[in-house]
Amino acid sequence: MHRLRTTVSRLRPLTAAQTAQSRSPHRTLVTKGGLRTFQPARHLNTSVAAEPFLNGTSTNYVEEMYYAWLENPRNVHKSWDVFFRNANAGAPPGLAYQSPPPLSGTSQGLPSVQALVGAQPNVEKLVEDHLAVQSLIRAYQVRGHHIAKLDPLDISCVDFDDAPTDRITSGDQVTFSLYKERLCDLAAGGLYGLAESDLDNVFRLPTTTFIGGNESALPLREIIRRLEMAYCQHIGVEFMFINDVEQCQWIRQKFETPGVMQFSLEEKRTLLARMIRSTRFEEFLQRKWSSEKRFGLEGCESLIPALKTIIDKSSQSGVENVIMGMPHRGRLNVLANVIRKELEQIFCQFESKLEAADEGSGDVKYHLGMYHKRMNRVSDRQITLSLMANPSHLEAVDPVVQGKTKAEQFYCGDTEGKRVMSILLHGDAAFAGQGIVYETFHLSDLPSYTTHGTVHVVVNNQIGFTTDPRMARSSPYPTDVARVVNAPIFHVNADDPEAVMYVCNVAAEWRNTFHKDVVVDLVCYRRNGHNEMDEPMFTQPLMYKQIKKQKGVLKMFAEKLITEGVVTTQAYEEEVAQYDKICEEAYTRSKDEKILHIKHWLDSPWPEFFKLDGQPKTMSCPPTGISEEELGHIGNIAASVPVEDFTIHGGLSRILKGRANMVGQRVCDWALGEYMAFGSLLKEGIHVRLSGQDVERGTFSHRHHVLHDQNVDKRICIPMNYISPDQAPYTVCNSSLSEYGVLGFELGFAMASPNALVLWEAQFGDFHNTAQCIIDQFISSGQAKWVRQNGIVLLLPHGMEGMGPEHSSARPERFLQMCNDDPDVFPKLSEDFAVRQLYDCNWIVVNCSTPANFFHVLRRQILQPFRKPLIVFTPKSLLRHPEAKSSFDDMLPDTNFKRIIPDDGPAAVSPEEVKRVVFCTGKIYYELTRERKNRGLDDSVAVVRIEQLSPFPFDLVKAEADLYANADLVWCQEEHKNQGYYDYVKPRIRTTIGRSRPVWYAGREPAAAPATGNKQTHLTELQRLLDTAFDLEAFSGHV
Ligand SMILES: Cc1ncc(C[n+]2csc(CCOP(=O)(O)OP(=O)(O)O)c2C)c(N)n1
Ligand SMILES: [Mg+2]
């Protein structure tokens, strides 16, 4: 309200004396009609007491009204129109408001309004003119970027119907016709009634602009010129959609304040030196390897100084660690000139004859990551820079970078993002096209996912491979997605390095001030084809004709600085020659490299975790059980509310009581088993982070890791954090409704430290498929491509429960298909067989049938001496199944994860009598044993659970098959034949027995959908597969 009153009061016309003080000495108040005199000002005393509705929560509303009225008085109700007119005309306290006319009869208020305004015709005109000027200023602030000169090619892809082509530059005389043409579309209400005769009139400036500098009033001509300079040159600022007035004011100040974009000679020279490095690096690569793909930066060379500016500025504000993610374009240049990877390391990647020293597939040079700690010369502080390795899949790395950044912040106690930050680079087509960008933006302000502001830089070369923007997006800019989180967007013509540097400075300052995302849109072009082999003229002939004519940005900028006298031609040429020499010398050194080491390209090294050569410190895993006392203690915490005066829901009290009973009886259900695993790891100093949709309670209402006070809003308690005073912190967080984004985030989080158990739980297992890119491109293949280990755990609820085609299958077949163990090779037996198998695999896939085994596998994840992703198919109905409980005995010291659980009933007592061994995994075990009992087949059928599917327990399965030498072998699963585990286990079981016996199948028929939607069909199918499993004649005669 204060703002409104101030604004309203500032609209008052100036006294002649005030005008004389504030206007510039050269400008007179001469209009066509002669000297214009102003009415003496009347003081507006519209106090809150006098106008009680200008109070409290109505402030925003009134302000909205006021702005709407400024745009056009007809936008608001007549009564508001009258109020604002009266207030502006200096109505005395309490009299600005006039009640609306009654529905019948004549108005009492209106005549006095008319008297007030009508009696002073000049005042009315003055008020209207001031309002018009305010609207004009606002129009520039809102839509100035429509007419800014952003496109170096001037073939703008941004299609605003209202963008006129003529430009006003600082040297132009503003003529009425020119600005009228530019503005009548820009400003929704045309020119708001302003005429040429108003150009030299002086207007008081509102508080919502900074164009005045030290002056509070300016002639209209100057107002327009300054607005043109601020908003319509090489920088287009898109920010007026931001809800926060303080933030809008901050941006206005940064761009409107006269003379704000000035640089010292030193700064300009540094900028030139950076442009030289950026440009000459690409030219060097082009000279040496003209036919190698490198996705050069030509056309956007100012990206390098842009990034360096952001990093310098952030380092000056205290940032010590910058984590970056970027696509192919200009990546090598960023590695060389921003992160400062040794040039010879980059050059030897072009040498195709070099042998790879590391295991795994490796990756192409423009996907590899990098980690480097060095001195920042501008801030004189140490800074760690890392560029995350990424797959070809554009933007997939975004959430991974955010997760890693969050983790780095978490581990160094940086709760506000002051020491660690992320920078994300994007291509224009990918930024607009990939949904993961949106998902990542939506993590940006969530308490457990925020990284306290990311600086996004878009290399907007106005093309995506061969596709024009008009075919690639439906929004004017590629950056519109950022508006959803109120991030300001600074569009800048990348051919103007100074403008680029300016916006990057502001972007870094914004991030450091508000800790919110910000976007720098470098509007540029791509000088060559998509890669160095591509012919762009096939598809963009006119654009490329224009590009061929385009002078390089370095050349233009050097000429400018030489003309300004900032550098001499000689100094410039020397700088160029010096950098070329650096490249040549590195090239010579690169010839000495004999071997390619992918591990030199690690983005997240764990030096304390591995030996110096990157190998694990041991090849054994200690027992994963814990003491009776610890089990009891953690169990009691799980069953309690460890804070005073906290009322939980009655239903939850019953659940906790049930837990207490279990602890008394020394048993665990699934939720308690998980509690024991998390709690014991926390006690050992391992951070545990569980993230996913509704994980705090658990989709199936079994977990309840966060208790909610029933009487106090938002008061919560997390008992897991009350296990021991020196425990590691436990993070459990309900995520946004995203799989791709959140799984990527957790994967990134898990990269930062090996000493954390990071778990992502899918709501139902099948939803992981919207995160498939993270699974395929990072989790299953990350180590092979980038020699980087990761211990992320995926919890995927899975099981046929008659719930229909969705929600049933976590698609085990997909995970198993991507396992790298050979189905036909029985691995060499050794003492450390089980651990070595784990070490060699790309990920571990398990389906535990008991809480104890789930407990052990989670603990093994941390106690094993290396890190591998762990995929766990978790149960639904087993969460409450009376038999799916484990005794504390199975969790005590010296107990371990069981890769298989053999039959321990009558069948195992007389194995030679057994006719059939049914191998299975997961929940079907309970259905099988019940059926076996019903049929009285406990002696003749053994049921063996394979708990660790991959790496396949060849040794243990062989032992079982050997034990039941006279039995036929059956694989039983509840999934359809083309799904589940069958295709994976069958050849492996056959390998264990030297293919001496067939492996029969008992399960559902092949099908397209994972499960039926009909409950009855579901039960019939289940019965049929159980019939097959226990019909001892089912396969006789089959071959
Ligand atoms: C998810 C995904 N889809 C398709 C591709 C294939 N592809 C590689 S680069 C590219 C064009 C990218 O355009 P843009 O984002 O504007 O970046 P630019 O190459 O112009 O710098 C495409 C389609 C990819 N790498 N990732
Ligand atoms: Mg592009």
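**Exercise 1. Which polar side-chain atom lies 2.9 Å from an oxygen atom of ligand 1?**

Before we start: this is a predicted model, where local features need pLDDT of at least 70, side-chain atom pairs count only at pLDDT 80 or more, and totals for chains, interfaces and linings use all residues. Residues are numbered from 1 along each chain as written, chains are lettered from A and ligands numbered from 1 in the order written, and side-chain values use heavy atoms, leaving out hydrogens and water.

*Solution.*
- Step 1: The atom belongs to Asn461.
- Step 2: The protein covers 76% of the 580 Å² of accessible area that ligand 1 has on its own (Shrake-Rupley method, 1.4 Å probe).
- Step 3: Now try the backbone. Ala430 has a polar backbone atom 2.9 Å from an oxygen atom of the ligand, and a backbone N or O atom of Leu394 sits 3.2 Å from a ligand nitrogen.

**Exercise 2. Work out how strand β5 is covered and which strand it pairs with.**

*Solution.*
- Step 1: Find β5 at residues 235–238 (strands are DSSP runs of E, at least two residues; helices are runs of H or I, at least four; both are numbered from the N terminus).
- Step 2: Sort its residues by side. Ile235 and Val237 are on one side, Gly236 and Glu238 on the other, and all are buried (under 20% relative accessible area; exposed is over 50%, partly exposed in between; 1.4 Å probe, protein chains only).
- Step 3: Recall the general pattern: in a regular strand, side chains alternate between the two faces of the sheet.
- Step 4: Look for the partner. β5 pairs with β12 (residues 489–493) in the antiparallel sense, over 4 bridges (pairing takes at least two DSSP bridges). Ile235 has Val492 as its bridge partner.

**Exercise 3. Compare the surroundings of two salt bridges, Arg226 with Glu222 and Arg666 with Asp889.**

*Solution.*
- Step 1: Get the N to O distance for Arg226 and Glu222: 2.7 Å (a salt bridge is a side-chain nitrogen of Lys or Arg within 4 Å of a carboxyl oxygen of Asp or Glu).
- Step 2: Place them. They're 4 residues apart in helix α8 (residues 220–231), so about one helical turn separates them.
- Step 3: Check burial. Arg226 counts as buried at 19% relative accessibility, and so does Glu222 at 12%.
- Step 4: Turn to Arg666 and Asp889, whose closest N and O atoms are 2.7 Å apart. This pair links distant parts of the chain, 223 residues apart, with each partner in a loop.
- Step 5: Check burial again. Arg666 is partly exposed at 26%, and Asp889 is partly exposed at 41%.

Methods: Polar contact = N/O pair within 3.5 Å; in protein donor to acceptor, adjacent residues only side chain to side chain.
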